[in-house]
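Visitor: I should like to go through the local geometry and the pocket lining of this model. Please show me the structure.

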Amino acid sequence: MQDIQQVMAALASPVRREILGLIWDRELSAGEIAAAFPVSKPTISQHLAVLREAGLAAATAVGTSRRYRARQEALRGLHGALGSPIKWVNATDAPERATSQVSTKPVVVASTVVDTSQATTFAAFTDPAVYSRWLGVPVTISDGRFACRLEWGTSVRGRYELVCPPELIVMRWDFDDDNLPVPGGEMTGYLRIRPRGPGAQVEVHQIVETPAEAEFMERAWALVLGRLRSGVARASDPGADMPSRPARPKRPDPA
């Protein structure tokens, strides 16, 4: 393959990407290719020259003309990116769709990078002793159910629906604030931990229903992941001193 910068420059053009899609598994002449685009034949010839120079297309002489074909070996792994927008158009006449209920919901994404390994970070969410230390309040985990009471009085409880060490936890959870469920009903979150250098990246995908929930969850997960980042290394060391957070009101008294 040619220089990567030359390849990326060749692929930067949507027209050239569509040309590659056309000639991915067949040979076409410049005229046949030009017929698929609202541009002149000389313009298509220029695009084909760029693709050839980048090593992404090959030309075969047939009589007095040339036929072009994508060099698949040079594009391994890129074919999916060359498809036309029609790949995202559903097939018609599919009556099965009427028997299903489908909806799209927004998701809050929160992430942080910690200094502990993937396995150690995963244990910080499944070992209640370690969890309690970095969160700063007692956490219980029993038979997949977890619960804690934050220092300002909010009770959090839920269950781990799926635990796949050392990478994925799927949880359903809710919380009580002054004995009133807010927003009410269990919510679903996906927690994924991946290696990141000597440490790990922690990413949460929290499904939400409303803009108010989204704003709340952004703040809530920012708090949780902030405490994880600042405390997980010490929390994972049984010899390190980590006192619990003292009780406090949810909001300071107005001045």
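Guide: The questions below concern a pocket and two backbone features.

Guide: This is a predicted model, in which local features need pLDDT of at least 70, side-chain atom pairs count only at pLDDT 80 or more, and totals for chains, interfaces and linings use all residues. Residues are numbered from 1 along each chain as its sequence is written, and side-chain values use heavy atoms, without hydrogens and water.

Visitor: Which element gives the largest share of the lining of the largest pocket?

Guide: A pocket is an open set of 1 Å grid points, over the protein atoms alone, where a 1.4 Å probe fits, with protein on both sides within 12 Å along at least five of seven lines; lining residues have an atom within 4 Å of a point. The elements giving two or more residues to this lining are α6, β6, β7, β8 and α7, where helices (H or I, at least four residues) and strands (E, at least two) are DSSP runs numbered from the N terminus. The largest share, 7 residues, comes from α7.

Visitor: Where does Pro166 lie?

Guide: Most peptide bonds are trans. The bond from Pro165 to Pro166 is cis, with omega near -5 degrees. Pro166 lies in the loop between β7 and β8.

Visitor: Is Asp143 buried or exposed?

Guide: Asp143 is in the loop between β5 and β6, and its phi is positive, near 55 degrees. Buried means under 20% relative accessible area, exposed over 50%, and partly exposed in between (1.4 Å probe, protein chains only). Because its relative accessibility is 80%, Asp143 counts as exposed.
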